[in-house]
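Here is a walk through one protein model, from its cysteines to its sheet and helices. Keep the structure open beside you as you read.

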Amino acid sequence: MKLFINEKVKKGTISPEIYGQFSEHLGRGIYEGLYVGENSDIPNENGMRKDVVEALKEIKVPVLRWPGGCFADEYHWMDGIGPKETRKKMVNTHWGGVTEDNSFGTHEFFELVRQLGCKTYINGNVGSGTVQEMSEWVEYMTFGGLSPMSELRKKNGHEEPWTVDYFGVGNENWGCGGNMRPEYYADLYRRFQTYVRVYDPEHPIKKICGGANVDDYDWTKKVLGTCYDHCAPAFHGLMDGLSLHYYVHPEGWEIKGPSTEFDHEVWYKTMSKALYMDELVTKHGKIMDTFDPEKQIGMVVDEWGGWYTAEPGTNPGFLYQQNTVRDALIAGITLNIFNQHCDRVKMACIAQMINVLQAMILTDGDKMIKTPTYHVFHQYRYHQGAELVDAHIADDGIIGPDEWQVPEVTESVSIDKDGIITVTLANLSADDAQDVDISFVEKKDFEVQEATVVTGEIHAHNTFEAPDEVTEEKFTGFKKTDDGLKATLPAASVTMLRIK
């Protein structure tokens, strides 16, 4: 097959926030995963695990979403401030029925993002909260003047206000966030977002409206229509983003299937379901175009990834699962799709960052391993802030069983401010290597500055006993030709080439 790259045609900037992360009060995602407390024997800085933070900094985490998820719509922020010994305890009714002691709250979140050096995405409580509660939280976090909430923040040890980059007004309000109808939620959104005040004009808060579950196009139409009604001139001031949630369940929502035991048919079923993201982004995007043809409102896919049956012997409400080469392909396929739709997709947050669902990192006590998904995010970090360039694959074959046929290879290509082209290629075949001839419109005299691959037998995964079964390895399977490059992509692989 052939990959044609027209490096002269730029198609838009790939927002760094497409590579965002999500950490909910769920299982061992925050506690034990990110936060161990200042008195832990595990090396930490202000309670945050040093090994985890350093690993996350290597993939250039651009933005972190918190505190949920379903948890957000039962979270009352005042329970998570002040002395830890006096913080209110609660039952985490969504995730395992365990006690939440609120030792990780607003101050701890901002300390974590300070260490990561990333932007902030806070999700507010619409399902069980009030307008006043949300308004006061925004004031507590971002107001620098004299007010009851700013004084309370100072009393709790933080003199200066923080920056909130994104604020989500509710989460999954069609389901766990209140089981609402789209018109009802949209009216609540209009009301609640009014009180997400911008106290610092130099750092305006971008407001995210709760969008659809998978292919609920009716939700998108009715939410946007209700928000637009009687508000047309100020529509773009009403929202900056509309969310979308989609998970890959290989065997369906009820069964899901195990993370490490699957046959070839399920492999291709998984690949097909990962590719479905393209249809979702396209169709929801067309609805958004009718209200927002200038694409000023970003699509925010703030929950995505593979979701399997929890690992045997673990609390099923903790959603802990292993991470195989199959997950590396889900990541590669999905990130290629987001890159290709960078005109509309402005932010995305994989679910979730540590120890939950399709995680970057797994921990066990003081041990830590990086997953295959982590290594793909490390490969793709070069796309952040780069310009998408025109590219397409010709002669791409179709593979897999009839019901779950998929293309052999997917791609995305970008060019950065230094003129370096990044090519990322996902080979969806479980068994066969693929030869790809890469050619450029102009570039003839070039060199490959860096090339890596994440690959392995389709069930391969890292464990605490064998942490390096699947890693990002140097890729040597390419050679220069008269027209460009010929690359041989290993079966079940994600390959990255940096070309100058």
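Contact, as the word is used here, means heavy atoms within 4.5 Å. One thing to keep in mind throughout is that this is a predicted model.

With that cut-off in hand, start at Y382. Leaving aside neighbours within four places in sequence, Y382 is in contact with S414, T422, E450, M496 and R498. Y382 itself sits in the loop between helix 10 and strand 16 (387-394). One of those partners, S414, is 32 residues away along the chain, yet the C-alpha atoms of Y382 and S414 are separated by 8.6 Å. Another partner, E450, has a polar link as well: the side chains of Y382 and E450 make a polar contact at 2.6 Å.

Just before that loop comes helix 10 (residues 372-380), which lies across strand 20 (421-427), strand 22 (448-455), strand 23 and strand 26 (493-499). Relative to strand 22, helix 10 runs at about 160°. Is helix 10 buried or exposed? Nine of its nine residues are buried, so helix 10 is largely enclosed by the rest of the structure. If you want to pick them out on screen, the buried residues are P372, T373, Y374, H375, V376, F377, H378, Q379 and Y380.

Now for the sheet. It is an open one of ten strands with mixed pairing, in the order 23-22-26-20-19-16-1-21-25-24. Strand 23 (472-474) and strand 24 (478-480) stand at the edges with a single partner strand each, so one side of each has no neighbour in the sheet. From one strand to the next, the twist averages 25°.

Follow the sheet in from the strand 24 edge and you meet strand 25 (residues 484-489), which runs antiparallel to strand 24 and is joined to it by three bridges. The connection between strand 24 and strand 25 is a hairpin through three residues. On its other pairing, strand 25 meets strand 21 (residues 434-440), again in the antiparallel sense, over six bridges. A few of the residue pairs across these strands are worth finding on screen:

| Residue | Opposite residue in strand 25 |
|---|---|
| K480 | L485 |
| K479 | K486 |
| S439 | G484 |

As background for reading such pairs, side chains in a regular strand alternate between the two faces of the sheet.

Next, the cysteines. How many disulfides does the structure hold? There is one. C70 and C176 form it, with their sulfur atoms 2.2 Å apart. The link of C70 and C176 is left-handed, with -90° about the S-S bond. C70 lies in the loop between strand 5 (63-66) and strand 6 (90-91), while C176 lies in the loop between strand 9 (166-169) and helix 5 (182-194), so the pair ties together parts that are 106 residues apart in sequence. The two ends are not equally covered: C70 is buried at 10% relative accessible area, whereas C176 is partly exposed at 26%.

Then there are cysteines outside that bond. C209 is in no disulfide, and its nearest cysteine sulfur, that of C227, is 4.7 Å away. Since a disulfide here needs sulfur atoms within 2.5 Å, that distance does not qualify. C209 is buried, with 1% relative accessibility. C231 is in no disulfide either; for C231 the nearest cysteine sulfur is again that of C227, at 8.0 Å. C231 counts as buried too, with a relative accessible area of 13%.

Two more spots deserve a look. The first is T220, found in helix 6 (residues 217-228). T220 is buried, with a relative accessible area of 3%. Which residues touch T220, leaving aside its neighbours within four places in sequence? They are A212, L242, H284 and I287. With H284 there is also a polar contact, side chain to side chain, at 2.8 Å.

The second is helix 9 (residues 325-340), with 16 residues. From its first C-alpha to its last, helix 9 reaches 23 Å, close to the 22 Å expected at 1.5 Å a residue. In helix 9, 15 of the 16 residues are buried, so this helix is largely enclosed by the rest of the structure. Its N-terminal end is capped by T324, where a side-chain oxygen lies 3.0 Å from the backbone nitrogen of R326.

Methods: Residues numbered from 1 in each chain as written. Predicted model: local features only at pLDDT ≥ 70, side-chain atom pairs only at ≥ 80, totals over all residues. Heavy atoms only, no water. Helix = DSSP H or I, 4+ residues; strand = E, 2+ residues; numbered from the N terminus. Buried < 20%, exposed > 50% of the residue type's maximum accessible area, 1.4 Å probe, protein only. Pairing = 2+ DSSP bridges. Axes fitted to C-alpha atoms, helices over the stretch in contact; angles between N-to-C directions. Polar contact = N/O pair within 3.5 Å; in protein donor to acceptor, adjacent residues only side chain to side chain. Expected span 1.5 Å × (residues − 1).
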